[in-house]
Amino acid sequence: MDPTKIPVSQLLKGSVEKEDVNIKLHLDDVGNGVVDAVDGDSIELTGRIKKFTNSVQFKGRACVEWQGLCSYGNIEVQKSTCIDFDEIFENDSTWGQTYELSGDFIDVEELIRDNLIPELPQFPVCESDGKTNRCVKCSEGLNLHKKTNIKKDVWSELDKLKFEE
């Protein structure tokens with residue numbers, strides 16, 4: 001069975017009120033073009049599924065180990081990103097608001113892609129300073145706050161466009 005499909009038949013029948021989830025899984029192409037998930041079962045999904053009248057709620061946490069290059073020093077970086085989620089699965093899902101309850105299971109692949117991938121860093125750093133997302137390790141010695149000296153003659157063509165009142 002596909003590891004992204006979590007069985008909820010016991011919940012739907014009313015045999016149990018809630019079900020705990022703790023799985024590791026692999027999805028292809030998890031990344032944002034800057035960082036990618038580490039090979040293997042790199043996504044950890046934990047949480048609790050509860051049944052409601054015509055739906056189930058999955059409240060939990062997803063974490064992914066990712067790798068990429070530091071934006072400042074092109075050094076390999078490997079870290080993890082976690083997100084918390086609280087989503088509803090129902091038979092008549094509403095696009096952008098709820099997910100599809102498919103028979104006796106919920107498919108969490110779309111949930112992971114919708115919630116986790118946007119949280120992956122666009123500018124990964126080896127060691128953040130916690131304020132500016134500047135890499136403390138790679139940017140040492142770089143004068144990143146150095147002011148550039150723009151020559152006034154660059155703007156001289158624009159000065160010719162002054163309008164008379």
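The structure holds one disulfide. The model is predicted, and its protein chain averages a pLDDT of 83, with 85% of the residues scoring at least 70. A search of the whole structure also finds five salt bridges. The points below treat the cysteines, the charged pairs, the nonpolar core and the confidence of the prediction.

**Disulfide and cysteines**

- The disulfide is formed by Cys63 and Cys82, whose sulfur atoms lie 2.1 Å apart.
- The link of Cys63 and Cys82 is right-handed, with 115° about the S-S bond.
- This pair connects distant parts of the chain, since Cys63 belongs to strand S5 and Cys82 to strand S6, 19 residues apart.
- Cys63 counts as buried because its relative accessibility is 18%, under the 20% limit for that class.
- Cys82, at 32% relative accessibility, counts as partly exposed.
- Two further cysteines are buried: Cys70 has a relative accessible area of 1%, and Cys126 has a relative accessibility of 17%.

**Salt bridges**

- Side chains of opposite charge can pair when their charged atoms come close.
- Lys5 forms a salt bridge with Asp2, with 3.4 Å between the closest N and O atoms.
- Lys5 also forms a salt bridge with Asp107, where the closest N and O atoms are 3.2 Å apart.
- The pair of Lys5 and Asp107 links distant parts of the chain: Lys5 lies in strand S1 (residues 5–7) and Asp107 in strand S8 (residues 105–107), 102 residues apart.
- Each of these three residues counts as partly exposed, with a relative accessibility of 25% for Lys5, 33% for Asp2 and 23% for Asp107.
- Arg48 forms a salt bridge with Asp20, the closest N and O atoms being 2.8 Å apart.
- Arg48 lies in strand S4 (residues 43–51) and Asp20 in strand S2 (residues 18–25), so this salt bridge ties together parts that are 28 residues apart in sequence.
- Arg48 counts as partly exposed at 34% relative accessibility, whereas Asp20 counts as exposed at 55%.
- Asp2, Lys5 and Asp107 are joined into one network by salt bridges that share partners.

**Nonpolar core**

- The largest nonpolar core has 35 residues, of which Ile6, Leu45, Ile49, Phe58, Phe89, Ile106 and Ile112 touch the most other members.
- The elements that give two or more residues to this core are S2, strand S3 (35–37), S4, strand S5 (55–69), strand S6 (76–90), strand S7 (99–102) and helix H2 (109–115).
- Strand S5 gives the most to the core, with five residues.
- Leaving aside neighbours within four places in sequence, Ile106 is in contact with Thr4, Lys5, Ile6, Val8, Ile49, Val56, Phe58, Phe89 and Leu101.
- The contacts of Ile106 thus include Lys5, which is also a salt-bridge partner of Asp107.

**Confidence of the prediction**

- Among the elements of the protein chain, S4 has the highest mean pLDDT (94) and helix H3 (residues 156–159) the lowest (70).
- Over residues 141–150 the pLDDT stays under 50, and the model has five contacts beyond four places in sequence for these residues.
- Where pLDDT is low, the predicted coordinates should not be read in detail.

Definitions and conventions. Residues are numbered from 1 along each chain as its sequence is written. This is a predicted model: local features need pLDDT of at least 70, side-chain atom pairs count only at pLDDT 80 or more; totals for chains, interfaces and linings use all residues. Side-chain values use heavy atoms; hydrogens and water are left out. A salt bridge is a side-chain nitrogen of Lys or Arg within 4 Å of a carboxyl oxygen of Asp or Glu. Buried means under 20% relative accessible area, exposed over 50%, partly exposed in between (1.4 Å probe, protein chains only). Helices (H or I, at least four residues) and strands (E, at least two) are DSSP runs, numbered from the N terminus. pLDDT is the predictor's confidence in each residue, from 0 to 100. Contact means heavy atoms within 4.5 Å. A nonpolar core is a set of buried Ala, Val, Leu, Ile, Met, Phe, Trp, Tyr and Cys residues joined through side-chain atoms within 4.5 Å. A disulfide is a pair of cysteine sulfur atoms within 2.5 Å.
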